[in-house]
Amino acid sequence: MDSIIVKKEKSVAYLTLNRPQVFNSMHTAMRKELILALDDCQTDPSVRAVCITGEGRAFCAGQDLTEAGDPDKPIPFKEVLNDEYNPIILKIRALEKPVVAAVNGVAAGAGANIALVCDIVVAIESASFVQAFSKIGLVPDCSGTWILPRLVGFGRASALMFLGEKLIAKDAEAMGMIYKCIPDASFKNEVTNLCESLAQMPTKGFALTKKALNASFFDGLAAQLAVEAECQSLAGQTEDYTEGVKAFIEKRRPIFKGQ
Ligand code: T3D
């Protein structure tokens, strides 16, 4: 892999978007590599948490616009989205392990929405988010029209998408777009601590929590209660549940194995 650096440490897979000279904007090879890396995180039992971040000053500036400049070579938008971008979004939501977006700099266009669809989004204080699509006459994609209104409400999502303004990380945190904004000096340490903590927690319970959260976007109350009952019945059969209750009774920290 050239465009993505994969590092696995302490049960965490760090996927670093690695085209810093173009603000980690995405070309076909990078999208394909990210899909392969996400598949590997799903199947590798040693991985219990995933972190997506960027190399250099940016998280990801979305589509590499140098690929779009030739009017004689029109982009097959539908194919590119269906075959290369959308699988990234669907795989992040389906991954049975927590996915953290560690937004280390500007996140624009598809880059912003790939971050926002992750389970936990943290950003360095100097980062920013831009729904850049309107600046070039495109429509927000990579689940932006799905996730952003759910995170910040319809009105704010519409304004951010129409105006394409840069939103600083602190404002993104204040409006509930991201979980946390972290001072630049402690960003790397806090991200590592967060990911390593997640990797020591009950992985199967997380997978079921994620399944229920995904379903909540579509279900009514009764159907969602049934999903919760189903997921709880599976979580209650895990070794981690037995260990969690035992550790509580014995007044000690649980040792979860993700089983
Ligand atoms: O297939 C399809 O096309 C459909 C899919 C679409 C999905 C999309 O993501 S569409 C949206 C595409 N992205 C954008 O429109 C964002 C374009 N970039 C910007 O608006 C700004 O660069 C940023 C807001 C991201 C950052 O601004 P700033 O002032 O901090 O940095 P800069 O100077 O503009 O950029 C720094 C370098 O990165 C610069 O290169 P240079 O001059 O130092 O050699 C710039 O050209 C390069 N860069 C930034 N974004 C892209 C890029 N190069 C290629 N593609 C980019 N998207």
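**Figure 1. Lys210 and Asp119 pair up in a salt bridge.** In this predicted model, the closest N and O atoms of Lys210 and Asp119 are 2.8 Å apart. The two partners come from distant parts of the chain, with their positions 91 residues apart in the numbering. Lys210 belongs to helix α8 (residues 203-216), while Asp119 sits in the loop between α3 (110-116) and β7 (120-124). How do their surroundings compare? Lys210 has a relative accessible area of 4%, so it counts as buried, the limit being under 20%. Asp119, at 29% relative accessibility, is partly exposed. As background for this view and the next, side chains of opposite charge can pair when their charged atoms come close.

**Figure 2. Arg252 takes part in salt bridges with Glu243 and with Glu250.** Start with Arg252 itself, which is partly exposed at a relative accessible area of 31%. Its salt bridge with Glu243 has an N to O distance of 2.8 Å. In the bridge between Glu250 and Arg252, the closest N and O atoms are 2.7 Å apart. Glu250 counts as partly exposed, with 42% relative accessibility. Glu243, by contrast, is buried, at 16%. Through salt bridges that share partners, Glu243, Lys246, Glu250 and Arg252 are joined into one network. If you would like to look for others, a search of the whole structure finds 10 salt bridges.

**Figure 3. Backbone atoms of Ala61, Gln63 and Leu65 meet nitrogen atoms of the ligand.** Here we move to the ligand and follow three contacts in turn. At Ala61, a polar backbone atom is 3.0 Å from a ligand nitrogen. At Gln63, a backbone N or O atom lies 2.8 Å from a nitrogen atom of the ligand. At Leu65, the distance from a polar backbone atom to a ligand nitrogen is 2.9 Å. How much of the ligand does the protein bury? Taken alone, the ligand exposes 1000 Å², and the protein buries 66% of that area.

**Figure 4. A shell of 20 residues surrounds the ligand.** The closest of these residues are Ala61, Gln63, Leu65, Ala110 and Asp141. Which helix should you look for here? Helix α2 (residues 77-94) gives the most to the shell, contributing three residues. What kinds of residue make up the shell? There are 13 nonpolar residues, four polar ones and three charged ones.

Technical notes: Residues are numbered from 1 along each chain as its sequence is written. This is a predicted model: local features need pLDDT of at least 70, side-chain atom pairs count only at pLDDT 80 or more; totals for chains, interfaces and linings use all residues. Side-chain values use heavy atoms; hydrogens and water are left out. A salt bridge is a side-chain nitrogen of Lys or Arg within 4 Å of a carboxyl oxygen of Asp or Glu. Helices (H or I, at least four residues) and strands (E, at least two) are DSSP runs, numbered from the N terminus. Buried means under 20% relative accessible area, exposed over 50%, partly exposed in between (1.4 Å probe, protein chains only). A residue is near a molecule or strand if one of its heavy atoms lies within 4 Å of it. A polar contact is a pair of N or O atoms within 3.5 Å; within protein, one must be able to donate a hydrogen and the other to accept it, and residues adjacent in sequence count only if both atoms are side-chain atoms. Accessible areas come from the Shrake-Rupley method with a 1.4 Å probe; for residues, only the protein chains shown count as cover. Ala, Val, Leu, Ile, Met, Phe, Trp, Tyr, Cys and Pro count as nonpolar, Asp, Glu, Lys and Arg as charged, and the others, Gly among them, as polar.
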